[in-house]
Amino acid sequence: MPTALYPGTFDPITFGHIDIAVRASQIFKKVIAVVAANPVKNPMFSVDERVEMVKDSLSHVPNIGVISHSGLIVNCLREYKATALIRGLRAVSDIDYEFQMAFTNRNLLGSAETIFLMPSAEYTYLNSSLVRQIAHYGEDVSSFVPQFVQKMLMDKLSSQ
Ligand code: ADP
């Protein structure tokens with residue numbers, strides 16, 4: 001299988017995202033993590049900061065690239081001649097939103113297939129907003145994010 005895109009906000013990247021990206025890299029020849037500008041979500045980190053964190057966190061996997069993108073992901077699929085979108089599924093609560101996205105993308109581009117992967121059980125309840133909240137209250141997030149991301153969180157919070 002050639003190239004897949006793994007789109008997300010990654011605000012910030014967690015061990016859950018990393019788990020999914022690594023699984024995808026074992027199925028596809030090339031995986032590109034696509035960091036969405038996503039101003040609607042009003043992210044804590046700038047798109048450049050998020051790209052930097054994703055790059056650092058996935059640098060040990062040779063067939064994963066990282067880019068940023070604003071706009072529709074189907075345009076990115078066309079540009080990179082990618083055949084699939086990777087999304088992570090945690091709990092049933094993810095399904096409604098993910099189905100909506102997958103069907104919308106397929107309506108926009110008939111060849112756009114979404115492939116859902118499940119993380120290791122320990123990351124099932126992990127998400128970026130939880131990490132931001134825990135870090136905000138000064139608690140240790142080392143079991144949720146890599147060291148570099150932890151530092152970026154501490155720097156960001158101390159500069160606010
Ligand atoms: P988005 O704003 O596009 O949902 P996220 O960065 O929140 O961006 O998530 C990107 C993708 O990674 C989504 O498919 C999401 O379900 C998945 N994901 C996030 N955290 C985890 C996790 N702990 N385990 C598995 N998948 C995850």
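Let's start at T14, which sits in the loop between strand 1 (3-8) and helix 1. One thing to keep in mind throughout: this is a predicted model.

Is T14 buried or exposed? Its relative accessible area is 2%. The cut-off for buried is under 20%, so T14 counts as buried. Which residues does T14 touch, leaving aside its neighbours within four places in sequence? They are L126, N127, S128, V131, F144 and V145. T14 also reaches forward to helix 1. One of its side-chain oxygens comes to within 3.1 Å of the backbone nitrogen of G16, at the start of that helix.

Stay in this loop for a moment. P12 is found here too, between strand 1 and helix 1. The peptide bond joining D11 and P12 is cis. Its omega is about 0 degrees.

Now F10. This residue lies in the loop between strand 1 and helix 1 as well. F10 is not a glycine, yet it has a positive phi of about 50 degrees. Buried or exposed? F10 has 2% relative accessibility, so it counts as buried.

Compare that with K81. K81 also has a positive phi, about 50 degrees, and is not a glycine. Its place is in the loop between helix 3 (73-79) and strand 4 (84-88). Relative accessibility for K81 is 68%. The cut-off for exposed is over 50%, so K81 counts as exposed.

On to helix 1 itself, residues 15-27. How far should its 13 residues span at 1.5 Å a residue? The answer is 18 Å. The end C-alpha atoms are 19 Å apart, which agrees. Which residues of helix 1 are buried? Here is the list: G16, H17, I18, D19, I20, A21, A24 and S25.

Pick out H17 from that list, and we can turn to the ligand. A polar side-chain atom of H17 lies 2.9 Å from a ligand oxygen. G88 makes an approach with its backbone: a polar backbone atom there is 2.7 Å from an oxygen atom of the ligand. For E98, the side chain has an N or O atom 3.5 Å from a ligand oxygen. How much of the ligand does the protein cover? On its own, the ligand has 550 Å² of accessible area, and the protein covers 92% of it. There are 17 residues around the ligand. Which come nearest? Those are Y6, T9, K41, G88 and L126. You have met two of these names already: G88 has the backbone contact, and L126 is in contact with T14.

Last stop, helix 6. This helix runs over residues 147-158, which makes 12 residues. From first C-alpha to last, helix 6 reaches 17 Å. That is close to the 16 Å expected at 1.5 Å a residue. Its buried residues are V149, Q150, M152, L153 and K156. Why do we say they line one face of the helix? Look down the axis of helix 6: the buried residues fall within an arc of 160 degrees, so they line one face. What do those buried residues pack against? Their partners are helix 2 (47-58) and helix 5 (128-136). Now turn helix 6 around. The face turned away from the buried side carries exposed residues: Q147, M154 and S158.

That's the tour. Thanks for listening.

How values were computed. Residues are numbered from 1 along each chain as its sequence is written. This is a predicted model: local features need pLDDT of at least 70, side-chain atom pairs count only at pLDDT 80 or more; totals for chains, interfaces and linings use all residues. Side-chain values use heavy atoms; hydrogens and water are left out. Helices (H or I, at least four residues) and strands (E, at least two) are DSSP runs, numbered from the N terminus. The expected span of a helix is 1.5 Å times one less than its number of residues. Buried means under 20% relative accessible area, exposed over 50%, partly exposed in between (1.4 Å probe, protein chains only). The arc is that of the directions from the helix axis to the C-beta atoms. Contact means heavy atoms within 4.5 Å. A residue is near a molecule or strand if one of its heavy atoms lies within 4 Å of it. A polar contact is a pair of N or O atoms within 3.5 Å; within protein, one must be able to donate a hydrogen and the other to accept it, and residues adjacent in sequence count only if both atoms are side-chain atoms. Accessible areas come from the Shrake-Rupley method with a 1.4 Å probe; for residues, only the protein chains shown count as cover.
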